[in-house]
Every structure is written in structure tokens, then in C-alpha cells.
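The following exercises are to be worked with the sequence and the coordinates at hand. Each task is followed by a solution in steps.

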Amino acid sequence: LMRPGASTGEVVLFSEIGFVPRKTQEEINLPIYRGDVKSAGGQRVRSTAASVAARRYSHGPHAEVDYWLRAAVPVYAKQSSPDRTIRLTGDGVSALSLTVQDVGAIARAVHTDRQNVILTRTVARGLAKYVASRKLKKRNRIVGFLANLFATATEVADTRGWVSLPGKIQIGRLDLRPGVHSIH
């Protein structure tokens, strides 16, 4: 790249290092107290789910546990990627590339910001399934048991992600005089 009126040109190298981390599934068990089941009726499922989701971090005062809700939530897999750089060399001049965007760190930060919402929605879904299985169980114990078993067995976290994105984007620049050069 030559700038008009300049005595040197610029070689610009964009590089992608690694891939964004993959999401995996973490299973957690949360206590559903007897009072939760009563308050989860109607429009209060979401608010009840939020208080149940908060128990992931603190169970608070112990009450009589009616049910242990198994919830599957997405988490990013631990991934250690060394900070690599690329050295550009040409015509006796060299430069190192610099990270201009850490896409993996952005993905983790966005996930961390949304983690409470994801957990609350997961708990709300599980709580609604449990309340429905309890109603079925009152009519027919076997059907209620099978509904609860199906709800528990089908609980999986949404681990979709754009795994082909680079983990980091780097740029390297090398100023060279006009002409043909061998770049390494």
C-alpha cells in the first residue's frame, strides 16, 4: 500500500489466531420448596423461577424441599490459548503483530452478562414442566411419573455457537520502501 507522496509503502497483515471457545453443558440441581409450587401457578412462573435461580448461589433458609430441579445451562469450556504474535520481516525491517480484537473474550463477556436471564428461563421452563407433571400425577400416577421422567431426560442446554469465528484477530504493519520484497 503506497500513500500518495510518501517515500515508503506499508504491508498490512491480518491474521486470525485460534477459535472462539466452545459452549458446553453444566448441570445444576436447584431445590423447589413446597411454597414455590403453589406460587408458580398462573402468571407468577417467571418471578418464582427468578427466586429459584438465585438459589444456585445461595440456598438461603432451608424449607421442605418438594423437588430437586435438574437444570442444564450453557457454559464456555475452559480454553487456554497462548498469546501468539506474528513477526513480519522484509528488507531488514521487522514488526510484531498486535491483537486488535479478542473475539473469545467478547463472547465470554456477553455470555456472562446474559447468564442470569438464561438460568431464569431454564428454571421457568423446568418449573412449568414440573407443575404440569404434578397435575398429571394427580389424575394418573404412572402418566405423571412418565411426564416428569420425560421432562428431566430431555433437559439440555443450548450450546449452539459460531465456532468458526477466530479467537483473536491480529494486525501487523511493516513500512518498506517501494519495490519488490520477500516478506517472511
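**Exercise 1: A loop arginine**

Arg 55 is found in the loop between α2 (45-53) and β3; helices (H or I, at least four residues) and strands (E, at least two) are DSSP runs, numbered from the N terminus. The model is a predicted one, in which local features need pLDDT of at least 70 and side-chain atom pairs count only at pLDDT 80 or more, whereas totals for chains, interfaces and linings use all residues. Residues are numbered from 1 along each chain as its sequence is written, and side-chain values use heavy atoms, with hydrogens and water left out.

Task: Determine whether Arg 55 is buried or exposed, and list which residues it is in contact with beyond four places in sequence.

Solution. Step 1: Arg 55 counts as buried because its relative accessibility is 10%; buried means under 20% relative accessible area, exposed over 50%, and partly exposed in between (1.4 Å probe, protein chains only). Step 2: With neighbours within four places set aside, Arg 55 is in contact with Leu 30, Pro 31, Ile 32, Tyr 33 and Asp 36, contact meaning heavy atoms within 4.5 Å. Step 3: For Leu 30, the C-alpha to C-alpha distance from Arg 55 is 6.6 Å, at a sequence separation of 25 residues.

**Exercise 2: The open sheet**

Task: Establish in which order the three strands of the open sheet are arranged, and what packs on the sheet.

Solution. Step 1: The order is β1-β7-β6, with antiparallel pairing; two strands pair if DSSP finds at least two bridges between them. Step 2: β1 (9-19) and β6 (98-102) are the edge strands, each pairing on one side only. Step 3: From one strand to the next, the twist averages 25 degrees; axes are lines fitted to C-alpha atoms, for helices over the stretch in contact, and angles run from 0 to 180 degrees between N-to-C directions. Step 4: β6 is joined to the antiparallel strand β7 (residues 166-176) by four bridges, and Leu 98 stands opposite Ile 171 in β7. Step 5: Helix α3 (residues 103-139) packs on the sheet and touches β6 and β7, its direction making about 25 degrees with that of β6.

**Exercise 3: Two polar residues of the sheet**

Task: Describe the surroundings of Gln 170, in strand β7, and of Ser 15, in strand β1.

Solution. Step 1: Gln 170 counts as buried because its relative accessibility is 1%; Ser 15 counts as buried at 10%. Step 2: The side chains of Gln 170 and Thr 99 are joined by a polar contact of 3.2 Å (a pair of N or O atoms within 3.5 Å; within protein, one must be able to donate a hydrogen and the other to accept it, and residues adjacent in sequence count only if both atoms are side-chain atoms). Step 3: Residues up to four places away not being counted, Gln 170 touches, among others, Leu 13, Phe 14, Ser 15, Ile 86 and Leu 98. Step 4: On the same basis, Ser 15 touches Ile 86, Lys 168, Ile 169 and Gln 170.

**Exercise 4: The chain as a whole**

Task: State how many helices and strands the protein chain has, and what share of its residues is buried.

Solution. Step 1: The chain has four helices and seven strands. Step 2: From the N terminus on, the elements run β-β-α-α-β-β-β-β-α-α-β. Step 3: Of the 184 residues, 33% are buried. Step 4: Among contacts between residues at least 6 apart in sequence, 84% join residues at least 24 apart.
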